[in-house]
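Student: I would like a close look at one part of this protein, the space enclosed inside it. Could you walk me through it slowly?

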Amino acid sequence: MANERIAAAGAMEVTTSIEAVPKKEYFNNWRFYLYCILLSLFYGACMLYQRAFAISKGIDYTSEDFQKYWMTLFWGIVIMNVVIWAVTWGWIWYVYRDRHLDQVTPGEELKRWYSNWLLTLGVYAWALVWAVFFVEQDGVWHSSMIRDTEFTPSHIFNFYLSWPIFINFGVAGLMLTRTRLPVMGKKWLLPLVMEVAWPIMFIPLIGENEWGHSAWILEEWFAAPLHWTFVPFAWAAVWFLGNGFDMFPRIAAVLKATYFGEKCMSAAEAMENPEEATNPVHTLPGM
């Protein structure tokens, strides 16, 4: 009866064969905790470096010590970012991608939702927590120290490290969904794209903000006009919610197909019609 009502509502259905149920151990959260711990340890080491050399070696940009302890670090971070971006994005796009998304079974798709989308999204959110931490730290630094250059012990870890790492996770997650999940195989879902785009759009605003603080408002006021442009882009973080609304119906559909043998759109149909595949009405109880 439920399947008849779905057909009557115009849903595109295909019969899926019941395959081996993915092992429960596959959905363990240990990878998420591991990545978050490693990221936290890395940033903890950065904070220790700041506390050791920010005041003693990082006040005067023209000093030899600044060039040795901070500008050398800066160029190392820039090179690291370029290498990480090239390797990560290149590997996902050219090596790790599935070139036969239309043949993915519900069970395999369910595992990919967990390992590619939910896992990356969670680590992406944790990277955002650290990026915001360094932003707030930057405000404290420039409320106390003279802003003599765009390269300060606070800026180097904030603008050139924490935000590029945050952006790296976002772009990697977007590429993983594009190359591993059928509903994103041919079309981009707007909430996911906006979720990744907003931190990238922060980059020109940061440049404008630093110019303004050097030539206009020297103080780091929280409500300074220079900071007003950050607000609408910060609001873009709510795309996290829209992302979930788009994706969870498909996750529910392949979960039911895998564990209960119910019918759902095939991967090939989901690729051609992602709007229908992510329509929540087809996964509601009794439908």
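Student: To get my bearings, at which residues does UniProt place the feature "transmembrane region"? And what can you then tell me about the largest cavity and its lining?

Tutor: Happy to! Keep in mind that this is a predicted model. The UniProt record, an unreviewed entry, places "transmembrane region" at residues 32-53, 73-96, 117-135, 155-176, 188-206 and 226-245. Take two of these spans in the model. Residues 117-135 are 100% helix and 0% strand, with 26 Å between the end C-alpha atoms. Residues 188-206 are 89% helix and 0% strand, and their end C-alpha atoms are 27 Å apart.

Now for the enclosed space. The count is one cavity of 30 Å³ or more, and the largest cavity holds about 80 Å³ of space. Its lining is made up of 13 residues. Nearest the centre of the largest cavity are T120, L121, G173, L192 and E195. Three helices, α4 (106-144), α5 (153-180) and α6 (190-215), each give at least two residues to this lining. As for chemical character, the lining has seven nonpolar residues, five polar ones and one charged one.

Finally, a word on cysteines. C36 has 7% relative accessibility, so this residue counts as buried, the cut-off being under 20%. C46 is also buried, because its relative accessibility is 7%. The disulfide count for the model is zero, where a disulfide would need two cysteine sulfur atoms within 2.5 Å.

Conventions:
Residues are numbered from 1 along each chain as its sequence is written. This is a predicted model: local features need pLDDT of at least 70, side-chain atom pairs count only at pLDDT 80 or more; totals for chains, interfaces and linings use all residues. Side-chain values use heavy atoms; hydrogens and water are left out. Buried means under 20% relative accessible area, exposed over 50%, partly exposed in between (1.4 Å probe, protein chains only). UniProt positions are given in the numbering used here, feature names are shortened, and annotations may be inferred rather than shown by experiment. Helices (H or I, at least four residues) and strands (E, at least two) are DSSP runs, numbered from the N terminus. On a 1 Å grid over the protein atoms alone, a cavity is a set of points where a 1.4 Å probe fits but cannot get out, and a pocket is an open set with protein on both sides within 12 Å along at least five of seven lines; lining residues have an atom within 4 Å of a point. Grid points are joined across faces, edges and corners, and a volume is the space filled by probe spheres set on the points. Ala, Val, Leu, Ile, Met, Phe, Trp, Tyr, Cys and Pro count as nonpolar, Asp, Glu, Lys and Arg as charged, and the others, Gly among them, as polar.
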